[in-house]
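Q: Could you walk me through how the labels on a model like this one get decided?

A: Sure, have a look at it first, and then ask away.

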Amino acid sequence: MTGIRPMEPSDWPSVHAIYTAGIATGDATFEAEPPSWDAFDDSRIRDVRLVACDEDGAVIGWAAASRVSTREVYRGVIEHSIYVAPDARGSGAGRRLLGAFIARANAAGYWMIQSSIFPENTASLVLHERAGFRTVGRRERIARMAYGPHAGRWRDTILIELRRDDSGEADVAST
């Protein structure tokens with residue numbers, strides 16, 4: 001892998017393909033298909049969208065986040081996603097991408113990054129644990145799958161979070 005860089009609109013075909021491959025596993029998301037570029041662009045925070053590229057410059061992974069709420073008091077809380085192309089899994093691309101994403105989110109002033117991960121997605125849980133995320137809890141039967149190998153089944157998710165060391169209690173209290 002050669003590097004991590006900001007995601008550009010021209011990366012969408014690769015991001016879409018990686019997202020589609022993740023969806024096909026049945027253990028990455030409740031979504032049945034990736035959104036359109038416009039829907040993705042409208043719902044993801046621009047300053048923390050990243051892609052990982054291989055030696056040839058091909059996109060092999062991506063990370064992005066959405067705000068958890070439009071309320072001002074939650075302005076520093078985001079929910080992220082990270083996906084790695086099937087042929088790049090196990091290469092360290094996810095670790096480097098997540099590290100860069102955390103650094104970018106911290107620099108942008110976000111004080112908490114969270115995600116919900118299926119318990120069966122052990123690779124993602126281990127990746128996040130190694131990056132310092134903690135498990136907050138298990139959401140039991142939070143939603144029913146509409147597609148794939150788990151269609152019709154209720155699924156649990158593991159809620160994880162990572163707080164900045166300087167989580168800014170004064171900033172929160174002053175708003």
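Q: What makes E5 and E7 a pair of strands?

A: This is a predicted model, and in it 6 bridges join E5 to E7. Pairing takes at least two bridges, so E5 and E7 count as paired. The two strands run antiparallel. One bridge links Gln114 to its partner Glu161 in E7.

Q: How do you know that E6 pairs with E7?

A: Use the cut-off of at least two bridges again. E6 and E7 are joined by 7 bridges, so they pair too, and they also run antiparallel. Here Gly137 stands opposite Leu159 in E7.

Q: Why is strand E7 called mostly covered?

A: A residue is buried when its relative accessible area is under 20%. In E7, which spans residues 154-163, 8 of the 10 residues are buried, so "mostly covered" fits.

Q: Why is Gly3 called partly exposed?

A: Gly3 has a relative accessibility of 21%. Buried would need a value under 20%, and exposed one over 50%. Gly3 falls in between, so it counts as partly exposed. Gly3 lies in strand E1, where it touches Val51, Ala52 and Cys53, leaving out residues up to four places away in sequence.

Q: And why does Pro6 count as partly exposed?

A: Because its relative accessibility is 36%, which lies between the 20% and 50% cut-offs. Pro6 is part of strand E1, residues 3-6. Beyond four places in sequence, its contacts are Asp11, Arg49, Leu50, Val51 and Arg104.

Q: What lies around the largest pocket?

A: The largest pocket has a volume of about 1,200 Å³. It is lined by 46 residues, and the closest to its centre are Ala28, Ile82, Tyr83, Asn121 and Ser124. Elements giving two or more residues to the lining include helix H1 (12-25), strand E3 (59-67) and helix H4 (122-130).

Q: How many residues of that lining are nonpolar, polar and charged?

A: The lining divides into 19 nonpolar, 16 polar and 11 charged residues. Gly goes with the polar ones, while Tyr counts as nonpolar, so Tyr83 is on the nonpolar side.

Q: How confident is the predictor in the chain, and where does pLDDT stay under 50?

A: The mean pLDDT of the chain is 92, and 93% of its residues reach 70 or more. On a scale from 0 to 100, residues 169-175 stay under 50. For that stretch the model has 5 contacts beyond four places in sequence.

Conventions:
Residues are numbered from 1 along each chain as its sequence is written. This is a predicted model: local features need pLDDT of at least 70, side-chain atom pairs count only at pLDDT 80 or more; totals for chains, interfaces and linings use all residues. Side-chain values use heavy atoms; hydrogens and water are left out. On a 1 Å grid over the protein atoms alone, a cavity is a set of points where a 1.4 Å probe fits but cannot get out, and a pocket is an open set with protein on both sides within 12 Å along at least five of seven lines; lining residues have an atom within 4 Å of a point. Grid points are joined across faces, edges and corners, and a volume is the space filled by probe spheres set on the points. Helices (H or I, at least four residues) and strands (E, at least two) are DSSP runs, numbered from the N terminus. Buried means under 20% relative accessible area, exposed over 50%, partly exposed in between (1.4 Å probe, protein chains only). Contact means heavy atoms within 4.5 Å.
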